[in-house]
2 protein chains.
Amino acid sequence: MTGNGKPRGAYAKTAARRREILEAGIEVFSSSGFRNGSIRDIADRVGMSQAGLLHHFASKIDLLTAILEWRDHEDRERLDLQGQPKGLEAVRSLLELVEHNSRVPGLVELYCTLSAEATSADHPAHQYFIDRYRTVVGYAVESFELMRQRGELADGVEPASAGRSMIAVMDGLQVQWLLNRESLDMALELRHHVQPLLTVDL
Amino acid sequence: MTGNGKPRGAYAKTAARRREILEAGIEVFSSSGFRNGSIRDIADRVGMSQAGLLHHFASKIDLLTAILEWRDHEDRERLDLQGQPKGLEAVRSLLELVEHNSRVPGLVELYCTLSAEATSADHPAHQYFIDRYRTVVGYAVESFELMRQRGELADGVEPASAGRSMIAVMDGLQVQWLLNRESLDMALELRHHVQPLLTVDL
DNA sequence: GTCTATAGAGGGATAGAC
DNA sequence: GTCTATCCCTCTATAGAC
């Protein structure tokens with residue numbers, strides 16, 4: 001039924017195991033970073049030995065890669081980074097993403113920690129974050145360009161700057177929020193940042 | 001002449017040594033973070049053994065503390081975070097700070113890396129960064145409040161949000177800039193962000 | 001003030017039993 | 001699929017010689 005020689009049950013169990021490890025990995029890399037987080041710690045959290053974990057992921061970097069791929073997949077469901085530029089709709093989906101992020105502090109911490117760590121050229125996720133920012137900032141800039149054409153942008157607002165700044169605000173607010181979650185509402189602040197750039201209501 | 005029993009020359013040499021270590025420490029903690037950076041690496045850079053380094057700074061955390069204190073001192077010279085709120089002048093000095101930062105990528109990387117790492121509650125610099133953001137965001141918010149009173153703020157701009165966002169943009173742009181220094185001019189982008197909030201020229 | 005040596009903890013990855 | 005045992009590495013900090 002599955003198209004190969006192995007019974008389906010074993011696969012399901014392995015997939016579930018990988019998933020557990022993935023989630024524990026996010027927890028650990030979030031708070032300790034990749035370089036400082038240990039796969040021993042991750043293995044402990046799923047009640048497994050370190051060698052047992054390495055049966056599912058060949059190396060520590062292999063696990064990191066899987067985490068980043070998994071998270072990319074989740075992101076794509078929310079943003080549709082591939083299709084046609086979407087203007088105002090894209091800005092709205094970024095706002096919704098931020099609202100959603102407020103409910104998953106672990107993932108926010110993961111990205112905040114990893115992106116800073118990965119500014120270092122020899123970090124295994126360095127190229128990943130360069131690509132990611134190119135994509136995400138590009139997505140924002142293209143959206144503002146489309147809004148400019150549609151007359152939805154206030155006078156003097158440059159699409160390229162507005163796009164870069166919007167992503168910058170999202171990232172910067174995350175640091176402030178992680179240090180003190182009561183000090184601000186990320187989605188609200190982002191709304192306050194973006195609304196004045198527009199001639200239409202968000 | 002120095003007011004105590006030890007010869008001045010020895011002190012001067014020690015101070016110079018501490019300074020060298022401090023600078024090497026910034027280099028290493030910048031690119032590797034605090035938790036992953038090693039004092040052995042720092043010692044190598046000043047041509048010294050690791051044990052030799054620990055003669056000048058009792059522990060790794062002791063060195064980190066000294067680095068943060070030193071950098072605070074530099075910052076205070078540029079911003080005057082203590083005195084009376086300064087309105088537009090304060091916004092201008094933040095812009096100048098960003099311009100200055102573009103010339104010292106190492107320090108930018110240090111703060112970017114450490115602040116992200118220190119969102120973790122058990123990080124030795126955790127409280128330091130909570131305090132620092134309280135101070136810096138407070139400085140920005142108070143400045144915008146003063147500008148509101150002076151009629152220098154555009155309609156609908158809330159000082160509290162504008163202050164938090166301005167700091168957020170500064171931090172967010174740093175990440176983008178560290179990942180790709182050719183992709184943007186931090187000071188220019190910040191200017192583009194702030195100018196539309198004002199009724200006066202920057 | 002600086003060194004060598006070393007203690008003692010913790011890390012990633014591999015080998016091989018079950 | 002999971003374990004134990006182990007290898008070999010790196011790290012911080014200390015002790016003690018010079």
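Colleague: What makes the pairing of A:K60 with a phosphate oxygen of DNA strand C a polar contact?

Modeller: In this predicted model, a polar backbone atom of A:K60 is 3.1 Å from a phosphate oxygen of DNA strand C. A polar contact is a pair of N or O atoms within 3.5 Å, and the 3.1 Å of A:K60 therefore meets that cut-off.

Colleague: Which atom of DNA strand C does a polar side-chain atom of A:Q50 lie 2.8 Å from?

Modeller: For A:Q50 the partner is a base nitrogen of DNA strand C, with 2.8 Å between that nitrogen and a polar side-chain atom of the residue. A:S38, for its part, has a polar side-chain atom 3.2 Å from a phosphate oxygen of DNA strand C. Two or more residues of the surface near DNA strand C are given by each of α2 (39-45) and α3 (50-56) in chain A, and by each of α1 (8-36) and α3 (50-56) in chain B.

Colleague: Which element gives the largest share of the surface near DNA strand C?

Modeller: That element is α3(B), which contributes four residues. By class, the surface near DNA strand C consists of five nonpolar, nine polar and three charged residues. There are 17 residues around DNA strand C, and those that come nearest are A:Q50, B:T14, B:S49, B:A51 and B:H56. On the side of the DNA, sugar and phosphate make up 54% of the atoms of strand C that come within 4 Å of the protein.

Colleague: How do you know how the two copies are related?

Modeller: A turn of 180°, with a shift of 0.0 Å along the axis, lays chain B on chain A with an RMSD of 0.0 Å. The two copies are thus related as by a two-fold rotation axis. As for how they meet, 100% of the interface residues of chain B are also interface residues in chain A, so the copies meet through the same surface.

Colleague: Why is A:H126 called buried?

Modeller: The relative accessible area of A:H126 is 14%, and buried means under 20%, so A:H126 is buried. A:H126 lies in helix α7 (residues 126-149) of chain A. Leaving aside residues up to four places away in sequence, A:H126 touches A:A118, A:T119, A:S120, A:A121 and, from the other chain, B:L179.

Colleague: Is A:G156 buried or exposed, and what value decides this?

Modeller: With a relative accessible area of 75%, set against the cut-off of over 50% for exposed, A:G156 is therefore exposed. A:G156 is placed in the loop between α7 and α8 (159-179) of chain A. From A:G52 it is 104 residues away in sequence and 58 Å away in space, C-alpha to C-alpha.

Note on methods
Residues are numbered from 1 along each chain as its sequence is written. Chains are lettered from A and ligands numbered from 1 in the order in which they are written. This is a predicted model: local features need pLDDT of at least 70, side-chain atom pairs count only at pLDDT 80 or more; totals for chains, interfaces and linings use all residues. Side-chain values use heavy atoms; hydrogens and water are left out. A residue is near a molecule or strand if one of its heavy atoms lies within 4 Å of it. A polar contact is a pair of N or O atoms within 3.5 Å; within protein, one must be able to donate a hydrogen and the other to accept it, and residues adjacent in sequence count only if both atoms are side-chain atoms. Ala, Val, Leu, Ile, Met, Phe, Trp, Tyr, Cys and Pro count as nonpolar, Asp, Glu, Lys and Arg as charged, and the others, Gly among them, as polar. Copies are superposed by least squares on the C-alpha atoms of residues with pLDDT of at least 70 in both. Contact means heavy atoms within 4.5 Å. Buried means under 20% relative accessible area, exposed over 50%, partly exposed in between (1.4 Å probe, protein chains only).
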